[in-house]
Amino acid sequence: MVRLVRWKGLGDGGENSSKVPGRSRAFGASAAMGCSPPSSPMVLEAEFVNRRRALARAPLRRVFLRAFSVGLATNAALTRSPFRLLEQRVLTPLFVMFTKWVRGSKPVEPTAAALGSEWERLLASKKTAHVTSLAPATATTPETAYGEISVQCPLRGTGDVHACHRLMAYDRALVEAAGGQFVVLDSQATPGRTSCRIAIRKKGDAVGDLVPAHDPSRRGQG
């Protein structure tokens, strides 16, 4: 561990200023050669604190990802059972609260791009849930962030897109809390698909052109 000491009076007009002759000239020469002056003790201390916090969060992130896997399997089973209300009204809201507690909440700009980044951050695994593209606003459609979920869902290939819609209430709640709207365009539950395709728009934007995977009009589409 590096011990940080704030030296008093070095070049700042203190009693030791006269003991460091040429200090200003040395810094000037370093700048002229393209070298950055040493970081201040306050900057070093802030960097140290941030790294320590990151290390402290790492085990919590692993616990969260493990809990996510267990929760996904449990909720997927419940949402196709007579006990689906337990999943919808109790477990999913609790898991949303747990996610916000572990991952934290922060203000999000009201744009699809920012909302997509926040969704990625909350799920904590860009490898299996990430934004794939950003479509800018046009004369007819609002800005839209498109994404993909490739983690293997227990509903994959079942054909039960309605169960998928109920299960994805978790993602919808997270994005809605951040100020957005979340729509599953293609579901892993559809036979032959190995990922879900999703869309995110800010709250208040029209979503009529985004046809959900569970919409009856999609029946028979692969």
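Helix H3 spans residues 84–103 and contains Met97. This is a predicted model. Two topics follow: a nonpolar surface patch that includes Met97, and a cluster of aromatic rings that includes Phe95.

**Surface patch**
- Phe83, Leu86, Val90, Leu94 and Met97 make a nonpolar patch on the surface.
- The area of this patch is about 510 Å².
- Met97 has a relative accessibility of 57%, so Met97 counts as exposed.

**Aromatic pairs**
- The structure holds four aromatic pairs.
- One of them is Phe95 with Tyr170: the ring centres are 5.0 Å apart and the planes meet at 20°, so this pair is stacked.
- Phe95 sits in helix H3, while Tyr170 sits in helix H6 (residues 169–177), so the pair ties together parts 75 residues apart in sequence.
- Phe95 and Tyr170 are both buried.
- Phe98 and Trp101 also pair: their ring centres lie 6.3 Å apart with planes at 35°, so this pair is tilted.
- Phe98 and Trp101 are three residues apart in helix H3, which means about one helical turn separates them.

**Cluster and exposure**
- Phe95, Phe98, Trp101 and Tyr170 are linked into a cluster by ring pairs.
- Within this cluster, Phe95 and Tyr170 are buried.
- Phe98 has a relative accessible area of 25%, so Phe98 is partly exposed.
- Trp101 reaches 63% relative accessibility and therefore counts as exposed.

Terms used
Residues are numbered from 1 along each chain as its sequence is written. This is a predicted model: local features need pLDDT of at least 70, side-chain atom pairs count only at pLDDT 80 or more; totals for chains, interfaces and linings use all residues. Side-chain values use heavy atoms; hydrogens and water are left out. Patches are made of residues with over 30% relative accessible area and no salt bridge: like charges are joined within 9 Å, nonpolar side chains (Val, Leu, Ile, Met, Phe, Trp, Tyr) within 5 Å. Accessible areas come from the Shrake-Rupley method with a 1.4 Å probe; for residues, only the protein chains shown count as cover. A salt bridge is a side-chain nitrogen of Lys or Arg within 4 Å of a carboxyl oxygen of Asp or Glu. Helices (H or I, at least four residues) and strands (E, at least two) are DSSP runs, numbered from the N terminus. Buried means under 20% relative accessible area, exposed over 50%, partly exposed in between (1.4 Å probe, protein chains only). Rings of Phe, Tyr and Trp (its six-membered ring) pair if their centres lie within 6.5 Å; planes under 30 degrees apart count as stacked, over 60 as edge-to-face and the rest as tilted.
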